[in-house]
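Student: I've got a fold on my screen and a few minutes to spare. Can you walk me through how its parts hold together?

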Amino acid sequence: METKKIFCDITRCVGCKTCELACAVEHSVTKDLFLAVLERPRPKKRRDTQFIARDVFHSIGCQHCDDPPCVEACMASCINKDKKTGNVDIDTARCVGCWMCIMVCPFAAISRQYAEDNRALKCDLCPDRESPACVASCPTRALSFDTRREFNKKQDNKKIEIASR
């Protein structure tokens, strides 16, 4: 079964960081932008918008790998891959803050919760939402929540559309 992931179309991403802001607000206590900035500790984003080259940006988060190295590296066994959904999740109650997962992640998608207890933090695909907050907030529709097949089909259709102009 193909699982859904967050994909970024770098031809559309303008590096506005709206995805980062939406992610932090979604994971805040209040879920409100204006109140979230007053929260202590401040809510942390789980996505990172990176500059690649002139006018090329990429929004990246956990890729929920097929064979996640973070699961193997976790000495507390608090990172698991759900066989049904394909999501890689962290049980923060069991995390000991060794950060081995951070060191082995090939996408640098795991960060630390400094203000609280130094535990690992990563994208959870917004389990309480139909579509992740970052995807829903993207003003250029650079982010999509699709299976790899759906995303590739969209990209192929885009190439055909451009070629036919």
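Tutor: Sure. First a term: two strands count as paired if DSSP finds at least two bridges between them. Keep in mind that this is a predicted model.

Student: How many bridges join β1 to β8?

Tutor: The two strands run antiparallel. Within the pairing, Phe7 stands opposite Ser144, and Lys5 has Asp146 as its bridge partner. The number of bridges joining β1 to β8 is four.

Student: Which residues of β1 point the other way from Lys5 and Phe7?

Tutor: In a regular strand, side chains alternate between the two faces of the sheet. β1 has Lys5 and Phe7 on one side, and all of its residues named here are buried. Pointing the other way are Ile6 and Cys8.

Student: Which strands and helices each supply at least two residues of the largest nonpolar core?

Tutor: That core has 26 residues, and Ile6 and Leu143 are among those with the most contacts inside it. Ile6 also touches Leu143. The elements that each supply at least two core residues are β1, β5, α4, α5 and β8.

Student: How far apart in sequence are the parts that Lys158 and Asp9 tie together?

Tutor: Their side chains meet in a salt bridge, 2.7 Å from N to O. Lys158 lies in helix α6 and Asp9 in the loop between β1 and α1, so the pair links parts separated by 149 residues.

Student: Is Asp146, the salt-bridge partner of Lys154, buried or exposed?

Tutor: Their side chains meet at 2.8 Å, N to O. The cut-off for buried is under 20% relative accessible area. Asp146 has 8% relative accessibility, so it counts as buried.

Conventions. Residues are numbered from 1 along each chain as its sequence is written. This is a predicted model: local features need pLDDT of at least 70, side-chain atom pairs count only at pLDDT 80 or more; totals for chains, interfaces and linings use all residues. Side-chain values use heavy atoms; hydrogens and water are left out. A nonpolar core is a set of buried Ala, Val, Leu, Ile, Met, Phe, Trp, Tyr and Cys residues joined through side-chain atoms within 4.5 Å. Buried means under 20% relative accessible area, exposed over 50%, partly exposed in between (1.4 Å probe, protein chains only). Contact means heavy atoms within 4.5 Å. A salt bridge is a side-chain nitrogen of Lys or Arg within 4 Å of a carboxyl oxygen of Asp or Glu. Lists of a residue's contacts leave out its neighbours within four places in sequence.
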